[in-house]
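Reader: I'd like to go through the labels people put on a fold and ask what backs each one up. Can you put the model on screen so we can start?

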Amino acid sequence: MNIYIALLRGINVGGKNIIKMTELKKVFDSIGLCEVQTYIQSGNVIFKSNEEEAVLQSKIEDNIESALGFPVKVVLRTLAELEDIILDCPFSKNEISEAESLSDKECLYVALLSTALQKEKTEYLNAYRSDSDDYRIIGRNVYLLFRNSISKSKLANNVQKLDAAVTVRNWKTLNKLVLLAKE
């Protein structure tokens, strides 16, 4: 069985699309996914399945909407893919350290997309690259480095406007998900 991590977009933010993790776990259990566990309130679910990603994504999205009454976009990665995200970080230790010294919040994030970006969308993001905000794309992942704050970033706001389903997680959360999935 594959170990998957489901990353839900836009839940439990600003009082909208509230989902208790116990309810979310029940939805995943009800569709036959194995060893389901959730991590923090932002919608991270680790589980096992033999099904293919596209089938799982559709099944999970449909069942969440049926059970909870509103649509939620889901991005899936296998444990191996999350491990690769960590190993393939394109920013140097010096770049990350510099960003950390300039920010009082998290500075390294990954936007996880359901599909790879088209070339014109990569060019679209270039308009929002700055001395404060940088990105690198590897496959279906956009690595984001913020030297000030993600909340004030035009780049972060525009990553959400790409044509693919996308959700963003900070580096600590991704590392914790890898650890939990390995247990």
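Author: The accessible surface of the chain comes to about 9400 Å², and 48% of that belongs to carbon and sulfur atoms; accessible areas come from the Shrake-Rupley method with a 1.4 Å probe, and for residues only the protein chains shown count as cover. This is a predicted model, where local features need pLDDT of at least 70, side-chain atom pairs count only at pLDDT 80 or more, and totals for chains, interfaces and linings use all residues. Residues are numbered from 1 along each chain as its sequence is written, and side-chain values use heavy atoms, with hydrogens and water left out.

Reader: What makes the chain as compact as a globular protein of that length?

Author: The radius of gyration, taken over C-alpha atoms, is set against a globule rule of 2.2 Å times the number of residues to the power 0.38. The chain has 16 Å, close to the 16 Å that the rule gives for 183 residues, so the label holds.

Reader: And what share of the residues is buried?

Author: It's 45% of the 183 residues, with buried meaning under 20% relative accessible area (1.4 Å probe, protein chains only).

Reader: Why are β5 and β7 said to pair?

Author: Two strands pair if DSSP finds at least two bridges between them, and β5 (residues 108-113) and β7 (residues 141-146) have five, in the antiparallel sense, so they qualify. Strands here are DSSP runs of E, at least two residues, numbered from the N terminus. In that pairing, L108 stands opposite L145 in β7.

Reader: What is the strand order of the open sheet?

Author: The order is β6-β7-β5-β8, with antiparallel pairing. The edge strands are β6 (133-138) and β8 (166-170), each pairing on one side only.

Key:
Helix = DSSP H or I, 4+ residues; strand = E, 2+ residues; numbered from the N terminus. Buried < 20%, exposed > 50% of the residue type's maximum accessible area, 1.4 Å probe, protein only.
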